[in-house]
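Okay, can everyone see the screen? I'll walk through a few local spots, then the helix packing, and finish with the overall picture.

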Amino acid sequence: MSSASERRSHIDAAVLIVDDEADIRELLELTLLRMGLGADAAGTLAEARALLAEHRYKLCLTDMRLPDGDGLTLVREIAQHHPELPVAVITAYGSMENAVTALKEGAFDYLSKPVSLEQLRALVKSVFDLPKRASESRPVGASSLTGESPTMLQVRSMIERLARSQAPVYISGESGSGKERAARLIHEYGPRAAKPFVAVNCGAIPENLMESEFFGYRKGAFTGADADRDGFFQAANGGTLFLDEVGDLPLPMQVKLLRAIQEKRVRRVGDTAEQPVDLRIISATHRNLKELVDQGRFRQDLFYRLNVIELRMPALRERREDIPALVEALLGRLAQEAGLPVPRVDAAANAALLAYAFPGNVRELENILERALALHGGQCITVEDLHLEPREEEAGPHDIPGGGVALERESLQDYLDRVERQAINEAIAKTDGNRTAAARLLGVTFRSLRYRMERLGMKE
């Protein structure tokens with residue numbers, strides 16, 4: 001092979017290869033050259049540092065074991081000094097913990113030895129799609145995930161960072177908190193956006209059909225298999241596979257899933273040959289996977305393979321300041337879908353929504369508003385249209401949604417007044433006593449807020 005300086009004279013070196021084995025360096029260089037890409041090669045960590053100081057690259061491929069250090073050190077240094085440079089690590093078979101560690105430290109992706117040239121080409125193509133996607137995409141805004149609370153701003157920022165990586169993501173959070181929406185945004189803002197996003201509810205598949213559903217089957221593999229069929233992995237090839245409620249997978253399927261993720265290959269039921277797959281895995285569940293691991297109901301190795309980076313979706317009660325914006329956005333969409341004018345939500349109804357616990361999170365809010373839209377009798381949705389009575393499964397006999405304490409024989413008006421008073425106090429506290437900001441948070445005018453405080457006997 002010609003030297004790096006000779007190659008640069010006729011083609012720019014876009015990739016830095018770091019490996020102490022000459023034959024692997026040569027194989028990688030030749031493959032990249034056939035893709036129209038030049039490459040510089042380094043056999044040590046010191047040589048890699050020198051090249052990085054002198055030149056700019058679009059991708060770094062590094063082995064994990066080097067004579068004067070390790071690839072993980074290089075991953076950390078590049079993340080610190082060249083954060084725009086994607087790094088893919090090459091790890092020996094059986095050393096997946098090294099790859100997972102590298103992904104946590106900021107690596108873009110990994111390749112297992114012996115290196116599959118097909119997987120290498122797919123990885124390189126994915127990396128070189130990144131600048132194009134970055135120029136096309138916009139920051140994840142409120143139109144994608146409604147809310148301007150500090151919690152949601154942090155979630156959107158995290159999604160933007162995750163979209164630039166290929167690391168597996170585990171999304172935790174309660175039911176209805178928006179886990180699938182977050183997974184779709186990670187896909188849509190990443191380099192795989194033009195490829196399929198396949199969402200799978202792991203808890204909805206019968207155990208005896210799981211293998212064929214995930215990996216496909218060949219014609220004649222079993223009774224009823226009258227034609228070849230792809231599974232979820234093949235359907236998501238090139239894109240993203242979202243495993244929702246992954247905690248519901250039975251242990252035998254967890255073993256097969258782990259192998260497919262690690263080796264990036266699947267075998268159809270009834271087939272003898274394996275098929276390479278190139279996809280990103282995003283998983284989610286409302287259950288505590290760590291507790292399932294401790295109970296022996298979820299494999300620890302699969303847990304660490306899926307939980308490379310965790311994104312936690314907050315419960316709606318943890319971001320109550322987003323409720324008015326969510327109500328406005330959801331009502332607008334629901335009214336448009338139903339062909340109805342968008343109704344106004346009165347102050348008491350807004351106050352009740354702000355005080356409600358929302359055990360079902362955003363999904364429950366949407367259901368409440370959809371029912372209210374269908375049943376309200378005029379141009380305004382009132383608290384009676386919301387039907388927010390305490391329910392046995394979410395509150396005790398003396399509890400009200402939002403944490404207050406109800407009297408056993410409390411009248412409806414007393415209940416509404418107390419809910420409204422609590423919502424006003426919370427809004428004033430959250431805005432550090434700024435009545436104008438509190439009124440805006442409650443979705444009412446300043447004059448209306450003053451009137452309601454006077455009626456409720458609250459001090460200015």
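So, Phe358: you'll find that one in the loop between helix H15 (347–355) and helix H16 (361–375). This is a predicted model, by the way, so keep that in mind throughout. What's odd about Phe358 is the backbone: phi is positive, about 50°, although the residue is not a glycine. For context, most residues other than glycine have a negative phi, and most peptide bonds are trans. And is Phe358 buried or exposed? Buried, with a relative accessible area of 1%.

There's another one like that. Glu245 also has a positive phi, near 50°, and again that's a residue other than glycine. Glu245 sits in the loop between E10 and helix H11 (251–263). Its relative accessibility is 12%, and since the cut-off for buried is under 20%, Glu245 counts as buried.

While we're on unusual backbone, look at Pro114. The peptide bond leading into it from Lys113 is cis, with omega near -5°. Pro114 belongs to the loop between strand E7 (109–112) and helix H6 (117–136).

Back to H15 for a moment, the helix just before the Phe358 loop. Eight of its nine residues are buried, so H15 is largely enclosed by the rest of the structure. If you want to click through them, the buried ones are Ala347, Ala349, Asn350, Ala351, Ala352, Leu353, Leu354 and Ala355. At the start of H15 there's a polar contact as well: a side-chain oxygen of Asp346 comes within 3.3 Å of the backbone nitrogen of Ala348.

One of those buried residues, Leu353, leads us to Leu388. How far apart are the C-alpha atoms of Leu388 and Leu353? They're separated by 8.3 Å, with the two positions 35 residues apart along the chain counted as sequence separation. Leu388 is in the loop between helix H17 (383–386) and helix H18 (412–430), and at 8% relative accessibility Leu388 is another buried residue.

Next stop, Ser177. That's in the loop between strand E8 (169–172) and helix H8 (179–188). Ser177 is buried too, at 3% relative accessible area. Which backbone atom does its side chain find? The oxygen of Glu174, which lies 2.6 Å from a polar atom of the Ser177 side chain. Leaving out residues up to four places away in sequence, Ser177 touches Met313, Pro314 and Asn361.

Right after that loop comes H8. Its buried residues are Lys179, Ala182, Ala183, Leu185, Ile186 and His187, so yes, there's a lysine on that list. And what covers them? Among the elements doing that are helix H7 (150–163), E8, strand E9 (197–201), strand E10 (240–244), strand E13 (280–285) and strand E14 (309–312). E10 is the strand we met before the Glu245 loop.

Okay, helix packing, two pairs. First pair: helix H3 (residues 45–54) with helix H4 (residues 71–81). Their axes come within 11 Å and cross at roughly 20°, which means H3 is roughly parallel to H4. The crossing is right-handed. From H3 you get Leu45, Ala48, Arg49 and Leu52, meeting Thr73, Leu74, Glu77 and Ile78 from H4. By class, that contact has five nonpolar, one polar and two charged residues. Those spacings will look familiar: an α-helix has 3.6 residues a turn, so residues three or four places apart point the same way.

Second pair: helix H19 (residues 435–442) and helix H20 (residues 446–455). Here the angle is about 95°, with the axes 9 Å apart, so H19 is roughly perpendicular to H20. On the H19 side we have Arg435, Thr436, Ala438, Ala439 and Leu442, and they meet Phe446, Leu449 and Met453 of H20. The class count for this contact is six nonpolar, one polar and one charged.

Zooming out to finish. The chain's secondary structure comes to 20 helices and 16 strands. Of the 460 residues, 51% count as buried. And what share of contacts between residues at least 6 apart in sequence join residues at least 24 apart? That comes out at 68%. The Leu388 and Leu353 pair, at 35 residues apart, is one to pull up if you want to look at two distant stretches of sequence together.

Technical notes:
Residues numbered from 1 in each chain as written. Predicted model: local features only at pLDDT ≥ 70, side-chain atom pairs only at ≥ 80, totals over all residues. Heavy atoms only, no water. Helix = DSSP H or I, 4+ residues; strand = E, 2+ residues; numbered from the N terminus. Buried < 20%, exposed > 50% of the residue type's maximum accessible area, 1.4 Å probe, protein only. Polar contact = N/O pair within 3.5 Å; in protein donor to acceptor, adjacent residues only side chain to side chain. Contact = heavy atoms within 4.5 Å. Axes fitted to C-alpha atoms, helices over the stretch in contact; angles between N-to-C directions. Parallel < 35°, antiparallel > 145°, perpendicular 65-115°, else oblique. Left-handed = near helix turned anticlockwise from the far one by under 90°. Nonpolar A, V, L, I, M, F, W, Y, C, P; charged D, E, K, R; others polar.
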